[in-house]
Amino acid sequence: MHLETHLRAQRSAGRKLLVPYVTGGLLNWKEAIRAAAACGADAIEVGIPFSDPVMDGPVIQEASLRALKDGATPFGIIQEISTLDIDIPIAVMLYYNTVFRAGHERFVTSLVKNGVSGAIIPDLPLEEAGEWCRDADAAGVETIMLAAPTAPDSRLPLVVERARGFVYAVGLLGITGERDSLASTATVLAGRLKKITDKPVLIGVGVSNAEQAYEACKVADGVIQGASVVRRLMESGPDAVGEYIAEVRAAIDAH
Amino acid sequence: MSVMQTPGADGRFGQFGGQYVPETLVPACQELERAFTEAWDDALFREELNHLLKTYAGRPSILTECHNLGRELGIRLFLKREDLNHTGSHKINNVLGQALLAKRMGKKRIVAETGAGQHGVAAATAAALLGLECKVFMGAVDMERQELNVFRMRLLGAEVVAAESGSRTLKDAVNEAMRDWVATVESTHYCLGSVMGPHPYPYMVRQFHRVIGDEAREQCREVLGGDDPDVVVACVGGGSNAIGIFSGFVDTEARLIGVEPAGGAAVGRGVPGVVHGMKSYLMQDEDGQVQEAHSISAGLDYPGVGPEHSYLSEIGRAEYPSVTDAEVIDGFTLLARSEGIIPALECAHALAWIKRAAPEMQGQVVLMNLSGRGDKDVAQMMDVLGRK
């Protein structure tokens with residue numbers, strides 16, 4: 001399924017976009033994804049666990065560690081994605097060494113074969129992304145680019161231009177994890193992006209609950225829910241993920 | 001043309017290096033590159049740095065010939081005495097440069113990672129001297145085995161935070177420092193302690209340490225009647241002291257030897273990978289998960305290596321053998337007993353290799369970078385060697 005086409009269609013129908021993140025290989029991760037899909041998610045981000053996740057805070061670090069201890073591997077997770085049987089698109093979020101080690105061609109082939117639409121690689125900025133993007137484009141895998149609050153005005157158009165699927169607006173200066181309130185940088189950045197692109201703009205990193213998601217969607221087209229989802233999965237299981245996604249869905253539907 | 005070039009905007013040494021950082025940090029890396037390039041070309045900055053190196057760090061460091069050990073091994077052995085610098089290692093060269101640069105960029109705070117604690121102590125020292133706030137991340141395992149350096153850093157006014165993730169050693173301290181920097185980049189300079197990380201760090205840190213090699217080459221020519229040594233040896237974790245001394249000899253005929261620990265032999269046993277902002281040799285499994293290094297010396301307990309070392313290895317200009325912990329312990333006591341110099345465990349790796357390779361180097365002149373003193377390791381070695 002084409003991620004950007006799907007998200008644009010949802011947005012055209014007047015809907016704010018909700019993309020939960022689940023660490024692949026974590027106990028009950030597939031059940032959690034199915035629950036999220038059933039409760040109003042528009043797409044799913046599957047995290048491929050990495051030994052040294054520098055963009056992630058304690059919750060996703062812990063989830064990655066648990067998944068790796070349970071024997072999760074990148075290709076194992078990607079193969080299991082093909083068995084999910086849900087009707088929304090899926091992107092993987094992973095660190096570049098996972099792709100580099102496997103080889104671009106082998107990796108994109110596996111993504112395509114297993115029905116993964118896109119990839120988010122947080123340690124592959126514009127300057128380093130050229131070769132990967134060429135290989136991903138050629139195979140029809142959409143590379144979602146991150147835009148950060150620190151980017152000057154001259155840089156954002158380049159990021160947006162290179163982005164496929166959607167533009168991932170990093171909500172704050174910092175790593176993934178829940179915060180007490182939505183950082184002001186989140187909506188400021190989303191506003192800057194909305195001015196220069198009609199690609200879907202979603203805020204991720206530091207959008208921590210339904211209220212903050214509502215706040216973020218005042219400016220953005222949607223939100224990514226990472227640590228808040230993964231924490232619930234680790235603490236309470238997949239049903240709690242479904243309930244939470246339903247709650248966020250209801251909140252952003254109020255727009 | 002020198003083998004050691006200024007990398008272009010892409011920060012590459014051959015295929016290695018680059019700038020694999022989160023988007024949030026890209027503007028900061030670019031700003032740092034601009035600021036460093038300007039400062040390095042600015043005579044006033046260089047003068048200020050040289051003044052500190054001379055009047056605060058104690059440069060130039062001396063060259064010592066090891067007559068006893070040389071006779072025993074059948075070689076002429078010289079030590080470049082970076083152990084005599086203020087704070088006890090070569091690390092001071094880099095931190096004084098970076099701390100001055102941080103001030104020049106208007107940053108009020110530095111963060112640093114540390115393995116054995118030598119870079120952390122140096123960073124805390126420079127921060128105290130220049131009035132910067134300083135936070136040091138250190139693996140929880142390393143905090144235990146290098147308790148004394150933890151106390152020294154705190155004494156110097158730095159905040160020391162334990163890295164509790166992963167192997168709880170240097171690699172994890174780097175992760176935590178990068179996570180801190182992502183959140184504080186507007187006020188904070190990341191004072192990276194080796195020739196690793198994203199561009200411009202590998203290049204910048206090399207430039208701050210090339211004073212080691214430049215001095216040593218001149219000192220060698222003086223005592224050797226205009227000749228260069230046959231072999232130049234240094235230990236390699238991230239590889240800053242090795243790059244520093246290599247930079248003085250890379251364009252001579254000297255063999256360049258970077259000695260890695262057997263349990264952290266990134267060049268010797270790794271394959272190209274990307275972590276901590278750089279493409280370089282990396283110990284990793286078939287899925288690209290970074291493997292944990294194991295070494296008796298906290299300063300070399302790192303599964304990666306600076307990208308320029310990967311390049312020097314790939315083009316065949318430098319060799320990267322490894323030595324075992326047992327050989328290192330032997331090297332540690334060897335220098336103490338034969339020359340009255342207690343080396344840092346890191347440097348004992350270089351000694352261990354020299355001892356092993358001596359039969360093939362008979363009559364040759366060997367220069368070793370003694371990059372740090374062993375005081376910090378004495379408590380640990382009391383447990384290893386017994387207290388008698």
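**A walk through chain B, starting at helix 2**

Let's begin with a quick sanity check on helix 2 of chain B, residues 43-57: with 15 residues at 1.5 Å a residue, the helix should span 21 Å, and its end C-alpha atoms sit 20 Å apart, which agrees. Keep in mind that this is a predicted model.

Which residues of helix 2 of chain B are buried? They are B:Leu49, B:Leu52, B:Leu53 and B:Ala57. Look down the helix axis and these buried residues fall within an arc of 100°, so they line one face of the helix. What do they pack against? Their partners are helix 4 (91-104) and helix 9 of chain B. Turn to the face pointing away from the buried side and you'll find the exposed residues B:Ala43, B:Leu44, B:Glu47, B:His51, B:Lys54 and B:Thr55. Right after helix 2 of chain B comes B:Gly58, with a positive phi near 90°.

Now zoom out to the domains. The domain assignment splits chain B into domain 1 (12-52 + 91-201) and domain 2 (58-89 + 210-385). Their C-alpha centres are 22 Å apart, and the contact between them takes 35 residues from domain 1 and 39 residues from domain 2. On the domain 1 side, several elements supply at least two residues each, among them helix 4, helix 5 (118-130) and helix 7 (147-155) of chain B. Strand 2 of chain B gives the largest share of that side, five residues. By type, the domain 1 side divides into 14 nonpolar, 17 polar and four charged residues.

Next, the nonpolar core. Nonpolar side chains tend to be buried together in soluble globular proteins. Here the largest nonpolar core holds 226 residues, and those touching the most other members are A:Ile44, A:Ala147, A:Tyr168, A:Ala169, A:Leu202, B:Ala123 and B:Val233. Helix 9 (residues 201-223) of chain B contributes the largest share of this core, nine residues. Both domain 1 and domain 2 of chain B feed at least three residues into this core. For a close-up, take B:Val233: leaving out residues up to four places away in sequence, its contacts are B:Ile257, B:Val259, B:Ala350, B:Trp353, B:Ile354, B:Val366 and B:Met368.

Last stop, the chain interface. Here 28 residues of chain B are in contact with 31 residues of chain A. On the chain B side, strand 2 (16-20), helix 1 (26-40), helix 8 (170-184) and strand 11 (271-275) each supply at least two residues. Helix 8 of chain B gives the most, with six residues. That side of chain B divides into 13 nonpolar, 10 polar and five charged residues.

Key: Residues are numbered from 1 along each chain as its sequence is written. Chains are lettered from A and ligands numbered from 1 in the order in which they are written. This is a predicted model: local features need pLDDT of at least 70, side-chain atom pairs count only at pLDDT 80 or more; totals for chains, interfaces and linings use all residues. A nonpolar core is a set of buried Ala, Val, Leu, Ile, Met, Phe, Trp, Tyr and Cys residues joined through C-beta atoms within 7 Å. A residue is buried if 20 or more other C-beta atoms lie within 10 Å of its own, exposed if 12 or fewer, and partly exposed in between; C-beta atoms are placed from the backbone. Helices (H or I, at least four residues) and strands (E, at least two) are DSSP runs, numbered from the N terminus. Domain bounds come from an automatic or database domain assignment. Two residues are in contact if their C-beta atoms, placed from the backbone, lie within 7 Å. Ala, Val, Leu, Ile, Met, Phe, Trp, Tyr, Cys and Pro count as nonpolar, Asp, Glu, Lys and Arg as charged, and the others, Gly among them, as polar. The expected span of a helix is 1.5 Å times one less than its number of residues. The arc is that of the directions from the helix axis to the C-beta atoms.
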